[in-house]
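Dear colleague,

Please find the structure below, handed over for your own inspection. My notes on it come after.

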Amino acid sequence: MKKVKIFVVCFWVLFLTLSAMLPILWAAEEYKVTAQDLEQYKKIVDDPRPYLKELTYKKILPPDVYAKLTFDVEEMKVQWAEVVGFRAPDEVGKIAPEIKPGTYSYKDKAKYPGLKELMIPLQYEEFFKPGGPPFVGCFPEIKVVPTRQYYLALPIAKATKENIGRTKLDDKGLIKEETYMAGVPFPKPEGKFKANQVIYNLLKRYIGHENQYFTATTRGFTRNLRIDQDMVNEACWIRFKGRVFMEPYGWYDERAKSVGEEFSFKFFYLSPRDMFGNVMTSMKYLDPDKYDQMLLYINALRRVRLMSATDIQDSIGGADVIYADSFIYSQKLSSTIFPYRCEVIAEREYLVPFAILDGSGYMSSKGMELHDYEWERRPMYVVKMTQLDKNFVYSYRILYIDKETFYPLLILNYDQKGRLYRSGLVISAYFPEMGMFNYTSDVMMYDHLDMHSSFSRTFVIPAPWVGRKDINMRGLVVKGK
Amino acid sequence: MKKKRFLILFLMVGWITTLTFSSAVAEEFSVLGRPLQLFGYATQEMSFGFKDTYDTENSLNSALMNLFVEGDYAITDKLKFYGSSMLTVDWAYQLNSHRDDWNEKLFSKSRNKLNVDDKYWMLLKEARLTWTPGDFMFRAGKQIVSWGELLGFRIMDQINPLDQRRGFLDVEFETTIIPIWLLRADYYPKINSSWLQDLGFEFVWNPNADFIPNQDIMAGNADGGIWAPNVPIPGAHMATAYGRIDTPQRWKEGNEFGLRAKANMLGAMTTLNFFYGRDNSPVTQLVPPFMSPVPPHIFASDGDVLLHPFQEGHYPLLKFVGLTVAKEIIPLKASFLGDVAPTVYFEAMYAFDSTFTFSNPLSGGVLSRFGKSDDLRTGIEVAWKVKIPALNARTYFNITGEFFWRRIMDYPSFEEIAGYKKNNYQTFLSVNTSYFHNKLTPSFTWIHDINSNSNYFIPKLVYDYDYHWHFTLGAQLFKGAKPGQGLQLFDNKNQIYFKVAYKWG
C-alpha cells in the first residue's frame with residue numbers, strides 16, 4: 001500500500017510539474033478556436049451579433065500566417081474577373097428586375113410575384129415562410145442586398161491562370177489527374193463535358209487553406225423541432241495536391257505524390273457523451289476507382305478499427321447526411337464506382353443566401369427561423385447528376401453552384417423512387433481580405449423522408465501546424481478517449 | 001466504520017446526482033483558460049427471471065444503478081488528463097430483503113460482494129495523464145489498453161481484467177473492462193512510403209502497483225448471487241468456494257510487459273504483439289477435503305446438500321505472441337446487398353507454457369494437478385453491412401459474425417482439463433439495424449459454444465429518445481444441451497431486463 005502511495009505521489013508530481021512547464025513551452029504552437037470560444041462570440045440560437053467582426057483572423061492567427069494569407073483586394077478583384085471572364089454584378093438583374101435590395105416578408109409573395117421566379121423553388125415553396133415544424137431553417141423575411149463580386153485569393157488566381165487549358169478530361173468526362181496541377185481546373189466550363197467540368201471545379205475547390213482546423217456545433221431536430229442531437233466536434237484537414245497557400249507548395253510530400261493522396265481529414269467528437277472520444281480519419285485518393293480509407297478510434301473499445309471504405313450510403317449516426325454528402329458533396333466522379341451522368345440543366349441567376357460577411361445571421365429559438373442572412377442575386381449553374389447505378393441510395397442529385405466561385409450552395413438528393421430524400425444548404429463565410437470561402441458556415445441539412453433536420457455552425461482556421469501526425473494513427477490515438 | 005462508508009457513499013451519490021441533473025453543468029468548461037469536458041450518465045436497470053429454481057428467482061433478479069462521471073482536461077495541447085468514476089449499486093438486495101425465498105436461497109448473503117461496488121478501483125475507473133510530444137505519446141495512470149480486433153471474443157485483449165460478476169452483459173459494456181495502473185509509450189515514426197502508410201510502436205508496462213484480476217462469476221448463491229452457475233451435482237448444489245488463491249506481490253512480482261507494432265499497409269491494418277505477464281484468471285485445483293458441507297448452512301432451501309469446494313491456486317504466467325490483420329475485401333462487394341464490402345478481422349495468439357488444471361477423470365475431477373501446455377487462440381470476424389429493403393428501406397443491417405478456435409497444443413492423453421477439449425470452438429453472431437432516424441435500434445446477438453452445444457441469445461431493443469434519454473428492453477436467454485457444460489450452467493438465468501439511461505454532456 002505504501003508503494004501504491006509512492007506511485008500515486010510520483011504520478012501527481014509529474015502531472016503538476018508538466019502542467020506548470022508545458023503551457024509555456026507549447027502555448028503558441030497550436031492556436032485554435034474551440035466551440036466554447038465560438039459560443040462566446042455567437043451562441044447557436046437567438047444571437048444576432050455579427051461575430052465575424054470580432055472573431056477575426058487578424059486576431060486569431062499569428063501575424064506572419066495572417067500576412068501570408070491576405071492579399072491586395074483590388075488586385076484580387078481584377079485577377080479573378082480575368083480568370084472567370086466576368087464579375088457577378090454584371091451578370092445579374094435580368095430576372096424579375098423589380099426585386100430590388102430591401103427586406104421582403106413571406107407575406108409579400110403575392111405582392112412580388114417576381115420572387116417566385118427569382119428564388120430556388122424549394123426555398124420559395126418550403127422555406128420562405130414562418131418557422132415551425134417539421135423543419136428548421138425557414139426564412140420569414142429575407143434581406144436582399146446588392147450582388148457582390150466574390151473573388152478568390154491571388155495564389156488561386158495565379159495557379160488557375162498558369163494552368164489554364166492544361167487540365168484535360170478523358171472520353172468519359174473523367175479528369176486526367178496528371179494534367180491537373182493547381183487552382184480551378186476549368187475556370188470557363190464549356191463543351192461536351194461542361195457539367196463535369198463544373199463538378200470538378202467544385203471538387204477541386206479550396207475549401208479553405210490547405211492545412212486547417214475546424215470547430216463545429218450541430219443540433220438535430222425531430223419533426224416537432226424537438227432537439228434530439230447536440231454535437232460538438234473538431235476536425236483537422238490537409239490538402240495534399242495543388243497547394244498554393246502553405247508550404248510545401250504543389251504536393252505536400254513525396255508520399256502524397258506516389259500514393260495519389262488528395263486530401264485527408266480527422267474528425268473527432270467532443271460531445272455528446274456517447275460520441276466523446278470517437279475519432280475518424282479519412283484519406284481520399286485521386287484515383288477515381290479507389291475507395292477512401294477510413295479508420296475509426298472507437299471510444300468504448302479504446303481501439304483503432306479499420307472501417308469499410310465502401311460504406312458511404314448509410315446515414316452517419318442518425319445525422320442527415322451520408323458519407324458521400326461530406327462537405328455537401330464530395331463524391332468522386334468515376335466510371336466504376338457509382339458513375340454519374342452530369343448535365344447543366346440551368347445557368348441563370350437566383351436570389352440566394354449565398355455568403356456570410358459579418359456573421360449577423362442567426363437562428364431563433366422560436367420556430368428555429370433564420371434571420372438577418374443576406375440574400376443576393378447570384379449567377380449559378382444548376383447541375384443534375386443522374387446516378388447510373390440503380391443500387392445507389394440516390395437516383396439523382398441537383399447541385400446549385402455559384403458560377404463566379406464554383407462554391408456550392410444547395411444540394412437536393414432524390415431517392416430511387418424520385419422522392420426528395422436529403423438536401424443541404426451551406427451558407428459559407430467569405431473573408432474579403434483573403435479572397436477565401438472556407439467551411440466557416442451555417443449549414444442546414446434535411447432528411448425529407450424521416451422529417452428530420454439539423455443546423456450546424458462551423459468555424460475554420462488556417463492551421464499550418466496541422467500535419468500528418470494529426471491525421472495518422474497517432475492522431476487517432478491521441479485524440480481518442 | 002460502516003457508518004463512515006455509508007456516509008462516503010451517500011455523499012458520492014449526492015454529488016454525482018447533483019452533477020448529473022444540474023442544469024448548471026455544461027459539457028465544456030474553461031479552467032485556467034483550458035477546456036475541460038465533463039460527462040456522465042445515470043442508469044437504472046431492472047431484470048426479472050423466469051424460472052424458480054435454487055440458483056435463480058422468478059422475480060426481480062437485479063436492479064442495477066450506475067452513476068458515472070468522466071472528465072477530460074487539456075492542460076496544454078499536448079498534455080491532458082482523463083479521469084472517470086463510477087458508483088454501481090444493485091438495489092435488488094434492498095428490494096428483495098423482505099422476501100423469504102431470496103433469503104433462504106442465500107442470495108442475500110452475497111450482498112457484501114454485489115450490493116455496492118465500493119472498492120477504490122471500482123469507484124475510480126480511469127485516472128491517466130497523456131503527454132504527446134512530437135511523434136510520441138506517453139500515458140501514465142489507471143487506464144485501459146485494448147489489443148485485438150474481434151468484438152465478441154477476447155483473444156489478444158489480455159492486459160486489462162474484466163468484471164463479469166453480474167453476468168456477461170454486466171452493467172455497461174464500456175465499464176466491464178477494469179482499468180489498471182499502467183505506463184504506456186507509443187512512437188509513430190514518419191513514414192514516406194507508398195505501401196506502408198502508417199507505423200506505430202506501443203510499449204506497455206504494468207508495474208503491478210495493485211493486482212486487480214478478472215472478477216469472474218463466483219460459485220454459490222452466497223457469493224455469486226443471482227449469477228452463480230448451476231453446477232450439476234446429484235443431490236447437492238455447489239456453494240461458496242474456500243481456499244487460497246495466491247496473488248503476485250505488488251511491485252515485486254507480476255510485472256507485465258507488452259510490445260506491439262501497428263502498421264497500416266497495403267490497405268490493411270496489421271499488428272504484431274508480444275506479451276509477458278500474468279493471466280488475469282487463476283488456475284485452481286481442489287485440495288482436501290475437496291468438496292464438503294460447511295455449517296451452518298448444510299442444506300439448501302430445496303433440501304439438497306450445499307457442497308463447498310476447497311481449492312488452491314495462483315495466477316500463472318501468460319506469455320504470448322500474436323498477430324492481427326484487418327482488411328476490407330472489396331471484390332466481395334455486391335450490388336444486391338447494398339454495395340458495401342465485408343471487412344475481415346483476423347486474430348491469432350500463441351501462448352507458451354500456459355498453466356492448466358489437469359484432472360484425473362476417474363476421480364470425478366477431484367484429483368488434479370497443475371500442468372503446462374502451449375495454447376493457440378485464433379478467431380476471425382466478418383463485419384458486413386447489408387441492405388435488406390424488405391425489412392428496412394432506409395438503413396443498412398450491421399451483421400457481425402465470428403468464429404473462435406482455441407487449441408490446447410499439448411492436451412494430456414489421459415487427464416482432462418476442466419472446461420476444455422483439445423480443440424474448442426465458439427461462434428458469435430450479431431445483427432442490428434435502426435428505424436425512425438436512428439431512434440429505434442433492434443439487435444440480436446447469439447453466442448454458440450460448439451463443443452458443449454450451448455447457446456446464449458440476447459434480443460434487444462434500444463430507443464434513443466434524444467441524446468440524453470435512452471431506453472432498453474432486452475432479454476438474456478441460455479440454452480444448453482449437455483448438463484454442466486458451457487453455457488448450460490446458466491440455463492436457469494433466463495431473464496428480461498429494462499434499462500433507462502440519462503446521459504449528460
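What follows covers one helix, the nonpolar cores and a set of paired strands.

The model is predicted, so to speak of local features requires pLDDT of at least 70 and side-chain atom pairs count only at pLDDT 80 or more, while totals for chains, interfaces and linings use all residues. Residues are numbered from 1 along each chain as its sequence is written, and chains are lettered from A and ligands numbered from 1 in the order in which they are written.

In helix α6 of chain A (residues 73-84), helices and strands being DSSP runs (H or I, at least four residues; E, at least two) numbered from the N terminus, the buried residues are Met76(A), Gln79(A), Trp80(A), Val83(A) and Val84(A), where buried means that 20 or more other C-beta atoms, placed from the backbone, lie within 10 Å of the residue's own. These buried residues fall within an arc of 120° seen down the axis (taken from the directions from the axis to the C-beta atoms), so they line one face of the helix.

The largest nonpolar core (buried Ala, Val, Leu, Ile, Met, Phe, Trp, Tyr and Cys residues joined through C-beta atoms within 7 Å) has 178 residues, with Val383(A), Tyr400(A) and Ile401(A) making the most contacts inside it. Strand β17 (residues 436-447) of chain A gives this core its largest share, seven residues.

In chain B, strands β4 (residues 64-76) and β5 run antiparallel and are joined by 12 bridges, pairing requiring at least two DSSP bridges; a hairpin connects them through two residues.

Best regards

Conventions:
Expected span 1.5 Å × (residues − 1). Buried ≥ 20, exposed ≤ 12 C-beta atoms within 10 Å, placed from the backbone.
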